[in-house]
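Here's a quick briefing to read with the model open beside you. Start with one helix, then move on to charge pairs and the surface.

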Amino acid sequence: MVLVVILIFFSPGQAKAALYDEIQESLICPACLDDRMTVAACQDGTAEKARQDIQKRLSSGQTKDEIIQAYVAEYGEVILAFPQKSGFNLVAWVLPPVALLGGTFLVYYAVNNWVKNSQKRKPRKKKQQVLDSVDEDRIHEEMLKYL
């Protein structure tokens, strides 16, 4: 029974359909380069032609990488929905997590330092102000005026 279920869900047709969807999500529609819509999301006639071309290439036995490289050769790297994970494009994959971790570390360090410094400081004692007799007389006179 388990074998039948596995064969149903993982048949070659299912794998080919998944690969087809994966390729569509990996490429930007040639007519929608400014909008950055993938072939899967675009409803334009150009996207339909691209879908047919992808289907034809898969039927002829080309791999995902070969199909994507054919589109890159024709349109350039701008056709890719995601930058390649090599060369300068690697920065787009590495920089966000590094920046997030670095920012988290800086916030942790600043808060930790702030807490340590606040625990070291002792509250200042307020000095009692002593009034001399002249000041006391002036205060008393002012109070008599308004009370």
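In helix α3, the buried residues are A47, A50, R51, I54 and L58; buried means under 20% relative accessible area, exposed over 50%, and partly exposed in between (1.4 Å probe, protein chains only). Seen down the α3 axis, these buried residues fall within an arc of 100°, so they line one face of the helix. The model is a predicted one: local features need pLDDT of at least 70, side-chain atom pairs count only at pLDDT 80 or more, and totals for chains, interfaces and linings use all residues. Residues are numbered from 1 along each chain as its sequence is written, and side-chain values use heavy atoms, with hydrogens and water left out.

**More on α3**

- Helices here are DSSP runs (H or I, at least four residues), numbered from the N terminus, and α3 covers residues 45-59.
- The arc is taken from the directions from the helix axis to the C-beta atoms.
- Flip to the other side of α3 and you'll find K49, K56 and S59 exposed.
- With 15 residues at 1.5 Å a residue, α3 should span 21 Å, and its end C-alpha atoms are indeed 21 Å apart; the expected span is 1.5 Å times one less than the number of residues.
- Just after α3 comes G61, with a positive phi of about 100°.

**Salt bridges**

- Side chains of opposite charge can pair when their charged atoms come close.
- The rule used is a side-chain nitrogen of Lys or Arg within 4 Å of a carboxyl oxygen of Asp or Glu, and by that rule the count comes to four salt bridges.
- One of them joins K64 and E22, at 2.6 Å from N to O.
- K64 sits in helix α4 (residues 64-75) and E22 in helix α2 (residues 12-26), so this pair ties together parts that are 42 residues apart in sequence.
- K64 counts as partly exposed at 23% relative accessibility, and E22 also counts as partly exposed, at 39%.
- Another is back in α3: D53 pairs with R57, their closest N and O atoms being 2.8 Å apart.
- D53 and R57 are four residues apart, about one turn of the helix.
- K145 and E142 make a salt bridge too, at 3.4 Å from N to O.
- K145 and E142 are three residues apart in helix α6 (residues 133-146), about one helical turn.
- K145 is exposed, with a relative accessible area of 59%, while E142 counts as partly exposed at 40%.

**Around E22 in α2**

- S26 is found in helix α2 and is buried, at 14% relative accessible area.
- The S26 side chain reaches the backbone oxygen of E22 at 2.8 Å; a polar contact is a pair of N or O atoms within 3.5 Å, where within protein one must be able to donate a hydrogen and the other to accept it, and residues adjacent in sequence count only if both atoms are side-chain atoms.

**A nonpolar patch**

- F82, L90, W93, V94 and V98 make a nonpolar surface patch of about 460 Å².
- Patch residues have over 30% relative accessible area and no salt bridge; nonpolar side chains (Val, Leu, Ile, Met, Phe, Trp, Tyr) are joined within 5 Å, and like charges within 9 Å.
- Accessible areas come from the Shrake-Rupley method with a 1.4 Å probe, and for residues only the protein chains shown count as cover.
- L90 lies in helix α5 (residues 90-120) and counts as partly exposed at 38% relative accessibility.
- W93 is in α5 as well, and counts as partly exposed at 35%.
- W93 and P83 are ten residues apart along the chain, with their C-alpha atoms separated by 8.2 Å.

Definitions and conventions: Helices (H or I, at least four residues) and strands (E, at least two) are DSSP runs, numbered from the N terminus.
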